[in-house]
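These exercises are meant for a reader who is meeting this structure for the first time. Each one sets a task and then works through a solution step by step.

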Amino acid sequence: MEQSLLLPFLIVASSAVVLLTILFVIQYKKVRKIQKENEELNNLLSIFGAISNNYQFGIVTWINDELVYINSKIIEYANLLGLDLKSREQIQLMLDNPENYLTIYDILKDIREHRDIDSDYTRTWNKEIGKKYVEITYLVRIQGDKKIRAIITKDSSFEYQNIERQILSELINIISSELSKSDVSIKNLGESIRKLLLSHGLIDTFGIAFLEPNGYIYYPYFKYVDDDDKSGMRFGPEVKNLTRYVIDKNIKVHIRNSEKEWVLPEGYSLYKIRGELFTIYAAPIVYKSLVHGAVLFEKQGEDQFSDVTINLFEKVANIITLAFSFLDVLNEVEEERRKLFELSIKDYLTGAYSRRFLEQYLEKELFKSKRMKTPLSVVFIDINDFKKINDIYGHVYGDNVLKMFVKIANETIRSMDLIARYGGDEFVIVLPETGVENAQKVIDRIIDRLKEENINISYGIIDASEYGSIDDVYKKVDEKMYEMKKKKNL
């Protein structure tokens with residue numbers, strides 16, 4: 001009986017031993033795997049530690065979104081920005097609201113955009129943090145089922161001189177490129193300069209302001225972040241802000257703490273657009289012995305600009321001033337060129353186009369009307385009794401009659417139409433893509449307005465597209481005009 005009970009017990013016991021053995025082996029393998037992974041992780045962290053100790057790098061590392069390593073150097077840089085990289089909540093808050101951390105806005109934005117990336121990625125920025133020039137690298141490395149993300153910082157202050165040369169060289173290229181365009185955009189120029197300075201971590205906000213003739217200050221460019229663009233602001237003389245202080249006094253201003261130094265001399269004060277604490281440097285734009293505006297450099301935080309950075313800002317402001325001075329000269333030359341060109345194609349007395357220009361224009365429109373099979377109305381006009389007007393009222397009065405006629409005609413015809421002085425008191429109006437019937441309506445409107453000025457005209461209208469040459473057009477439309485004049489004299 002005892003033997004019959006012992007046998008099942010031995011079978012159960014032996015099975016339990018086998019099961020425990022199997023479980024032990026499985027658990028042992030798991031433990032060894034964890035140990036091996038920890039060894040790899042410890043090796044990785046020891047490498048990071050060796051790098052940071054030997055080269056004074058700052059390193060913070062996450063593996064699969066878990067913070068696994070951070071050294072004192074990067075904590076030191078983070079503290080200068082008022083950040084706590086050891087706090088997961090703080091990091092998430094930063095990534096969710098990068099606009100609140102202007103100094104590293106572009107870095108946070110890039111990290112957020114590439115957080116879920118499943119391939120290796122690297123990007124580097126240069127930032128001035130706590131008056132030190134720091135190179136910051138964000139990298140992602142995929143190793144099997146692990147995603148390793150790291151931020152690595154390096155003090156590169158000793159390289160600043162080379163970086164300054166690079167910044168000034170890029171700035172000159174930016175300005176040269178913009179000034180070479182036919183239509184210069186100050187806003188586009190400001191955006192390019194801001195991106196350049198922002199990429200090197202020198203500013204968060206950049207602004208360009210101009211003093212207008214009416215005393216208003218206009219900001220063609222003033223921007224914090226991508227979704228906080230204040231460009232286009234305009235303040236009247238009653239707003240005595242920092243920009244007006246710089247312009248009125250023609251001085252450079254360095255504000256180390258916008259909250260403590262918001263009151264300026266003689267009733268001027270900072271005009272707060274955002275609530276954060278900023279460091280500000282502002283310099284006037286001066287050329288031809290006049291202050292034309294100001295350039296503003298701003299960065300979030302207290303006393304963020306080093307002496308070398310201020311020195312760079314002065315050089316940047318000088319280059320921008322030279323650019324605007326050159327642009328002014330360029331505009332003056334362009335205006336003179338435009339005036340000379342107009343003198344060459346327009347009648348100096350009436351402002352109507354010259355006969356030479358008329359023939360070039362008419363030849364082009366005649367060719368176009370034949371090719372496109374569209375009408376082209378030409379009107380030949382003569383001011384009635386003009387010789388008598390000169391004899392009775394004098395040539396000054398006669399000149400005013402001619403000018404008044406051209407003024408009324410220009411106000412009546414379209415921008416695509418043309419009025420030219422053919423000679424003396426004779427004028428030609430060209431109306432592209434217009435039939436004779438509609439051309440007659442235009443002339444009727446001109447006649448109605450001329451009656452108010454006691455000016456009478458005779459005219460002829462033809463569709464020039466029916467004729468083979470300009471001479472034929474002139475001959476036929478002239479005949480039409482004289483037919484009307486003869487009828488009036490009967």
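Five exercises follow, each with its solution.

This is a predicted model, in which local features need pLDDT of at least 70 and side-chain atom pairs count only at pLDDT 80 or more, while totals for chains, interfaces and linings use all residues. Residues are numbered from 1 along each chain as its sequence is written, and side-chain values use heavy atoms, with hydrogens and water left out.

**Exercise 1. Describe the protein as a whole and the confidence of its model.**

Solution. Begin with the secondary structure: the protein has 13 helices and 16 strands, where helices (H or I, at least four residues) and strands (E, at least two) are DSSP runs numbered from the N terminus. Next, take burial, for which buried means under 20% relative accessible area, exposed over 50%, and partly exposed in between (1.4 Å probe, protein chains only); of the 490 residues, 45% are buried. Then turn to confidence, expressed as pLDDT, the predictor's confidence in each residue from 0 to 100: the average is 83, and 86% of the residues score at least 70. Among the elements, helix H1 (residues 2-55) has the lowest mean pLDDT, 48, and helix H7 (residues 242-249) the highest, 96. Finally, look at residues 9-13, where the pLDDT is below 50 and the model shows zero contacts beyond near neighbours in sequence, a contact being heavy atoms within 4.5 Å.

**Exercise 2. Place strand S12 among its neighbours, and locate Gln 300.**

Solution. First consider the pairing, bearing in mind that two strands pair if DSSP finds at least two bridges between them. Strand S11 (residues 278-287) runs antiparallel to S12 and is joined to it by ten bridges, with Val 286 standing opposite Val 291 in S12. S11 and S12 form a hairpin with two residues between them, and Lys 288 in the turn has a positive phi of about 55°. Strand S6 (residues 205-211) is also antiparallel to S12, through six bridges, and Phe 206 has Phe 297 in S12 as its bridge partner. Now judge the surroundings: nine of the eleven residues of S12 are buried, so the strand is largely enclosed by the rest of the structure. Gln 300 lies in S12, which spans residues 290-300, and Gln 300 is buried, with a relative accessible area of 15%. Leaving aside residues up to four places away in sequence, Gln 300 touches several residues, including Asn 100, Tyr 101, Asp 204 and Glu 276.

**Exercise 3. Work out how helix H7 is covered.**

Solution. Start by counting: six of the eight residues of H7 are buried, and the helix is mostly covered. These buried residues are Leu 242, Thr 243, Arg 244, Tyr 245, Val 246 and Ile 247. They pack against several strands, among them S6, S11 and S12. After the helix comes Asn 250, whose phi is positive, near 55°.

**Exercise 4. Which residues form salt bridges with Lys 181, Lys 195 and Arg 421?**

Solution. A salt bridge is a side-chain nitrogen of Lys or Arg within 4 Å of a carboxyl oxygen of Asp or Glu, and the structure holds 22 of them. The partner of Lys 181 is Glu 178, with the closest N and O atoms 3.1 Å apart; Lys 181 is partly exposed at 41% relative accessible area, whereas Glu 178 is buried at 5%. Lys 195 pairs with Glu 191, where the closest N and O atoms are 3.8 Å apart; because the two are four residues apart in helix H6 (residues 186-199), about one helical turn separates them. Arg 421 pairs with Asp 347, the closest N and O atoms being 3.2 Å apart. Since Arg 421 lies in strand S14 (residues 418-423) and Asp 347 in the loop between H8 and H9, this pair ties together parts that are 74 residues apart in sequence. Arg 421 counts as buried at 17% relative accessibility, and Asp 347 counts as buried at 13%. In addition, salt bridges that share partners join Asp 228, Lys 230, Arg 274 and Glu 276 into one network.

**Exercise 5. Is Tyr 348 buried or exposed?**

Solution. Find its place first: Tyr 348 is in the loop between helix H8 (307-345) and helix H9 (355-372). Tyr 348 is exposed, with a relative accessible area of 73%.
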